[in-house]
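Hello,

Here is the structure you asked about. My notes follow below it.

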Amino acid sequence: MKKIQLVLFTLIITSSVSFAAGLIGFGVQATGGGISVADPFKDVYSGGFGGGAHLDINLPVIFSIRVSGDYVSFSPDAEKYKAVLATLNVGSVASGFSVDGGKINILAFSANAKLGLPTPILTPYLTAGVGSASFSGGDVTVKYNGVPLVSTPGVETETVFSTNFGAGVDLSLIITLYLEAKYTIAFTQGNSSSFVLASLGVTF
């Protein structure tokens with residue numbers, strides 16, 4: 001997976017030589033999303049928040065290329081987490097539990113093709129691409145009535161191949177604003193994981 005990230009990084013560096021010619025746009029984005037988590041914690045994690053940066057390679061056709069990176073952190077809902085713990089521990093009550101930590105972090109890189117309608121100012125588009133997704137998790141400490149029950153160390157970073165598809169819209173003024181949503185499938189060991197990222201960005 002390091003090779004994938006190296007290829008994407010190299011593409012960013014080599015593309016920068018065309019910036020002066022107006023073929024390249026650089027920007028940043030605020031990113032939110034949702035993640036699919038296995039039972040019994042699938043409802044514990046709701047929205048995540050973060051941001052990233054991107055490069056747009058504007059081709060003289062209706063296609064363009066976007067190379068992007070996003071970092072998004074997902075925090076568990078404490079009340080839902082405690083409710084799950086109560087169902088797993090017969091005779092306990094949710095209010096007796098306390099949970100500290102448990103964040104899931106995703107660092108996603110992708111190189112995407114964009115196919116947009118040739119319309120002025122407001123341009124809707126479809127997008128699809130490949131990249132990598134790095135998952136990591138924070139420490140989790142669970143207590144019941146103040147007594148420590150479980151202390152689980154964080155999950156080491158796992159980087160895997162990923163593919164994504166989605167849609168968005170560009171608003172071209174002096175700068176370009178865009179809104180984009182992508183569904184990503186990450187091929188984690190033994191199974192696949194999925195998450196959705198929605199970005200509000202600006203390209204200069």
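How many bridges link E4 and strand E7, and in which sense do they pair? There are five, and the pairing of E4 with E7 (residues 140-144) is antiparallel. Please keep in mind throughout that this is a predicted model.

The three-stranded sheet

E4 and E7 belong to an open sheet of three strands, ordered E4-E7-E8 and paired in the antiparallel sense. Strand E4 (97-101) and strand E8 (147-152) are its edge strands, each pairing on one side only. From one strand to the next, the twist averages 15 degrees. One bridge to look at joins Phe97 to its partner in E7, Tyr144. Helix H2, residues 78-88, lies across E4 and E7 and runs at about 125 degrees to E4.

The loop between E7 and E8 contains Asn145. Asn145 is not a glycine, yet its phi is positive, at about 55 degrees. Is Asn145 buried or exposed? Asn145 counts as exposed because its relative accessibility is 59%, and the cut-off for exposed is over 50%.

Two other loops

Ile121 also has a positive phi without being a glycine, in this case about 65 degrees. Ile121 sits in the loop between strand E5 (104-116) and strand E6 (122-137). In the loop between strand E1 (24-35) and strand E2 (45-58) you will find Pro40. The peptide bond leading from Asp39 into Pro40 is cis, with omega near 0 degrees.

A nonpolar patch

Ile121 comes up again on the surface, where it helps make a nonpolar patch of about 760 Å². The other residues in this patch are Leu122, Leu173, Ile174, Ile175, Leu177 and Phe204. Leu177 lies in strand E10, which covers residues 176-186. Why can Leu177 be part of a surface patch? Its relative accessible area is 35%, and patches take residues with over 30%, so Leu177 passes that cut-off. Leu177 is still described as partly exposed.

The protein as a whole

The secondary structure comes to two helices and 11 strands. Along the sequence, the pattern is α-β-β-β-α-β-β-β-β-β-β-β-β. Of the 204 residues, 38% are buried. The accessible surface is about 11,200 Å², and carbon and sulfur atoms account for 68% of that surface. Taking contacts between residues at least 6 apart in sequence, 64% join residues at least 24 apart.

Regards

Technical notes. Residues numbered from 1 in each chain as written. Predicted model: local features only at pLDDT ≥ 70, side-chain atom pairs only at ≥ 80, totals over all residues. Heavy atoms only, no water. Patch = residues over 30% accessible without salt bridge, like charges linked within 9 Å, V, L, I, M, F, W, Y side chains within 5 Å. Areas by Shrake-Rupley, 256 points an atom, 1.4 Å probe, with all protein chains shown as cover. Salt bridge = Lys/Arg side-chain N within 4 Å of Asp/Glu carboxyl O. Helix = DSSP H or I, 4+ residues; strand = E, 2+ residues; numbered from the N terminus. Buried < 20%, exposed > 50% of the residue type's maximum accessible area, 1.4 Å probe, protein only. Pairing = 2+ DSSP bridges. Axes fitted to C-alpha atoms, helices over the stretch in contact; angles between N-to-C directions. Contact = heavy atoms within 4.5 Å.
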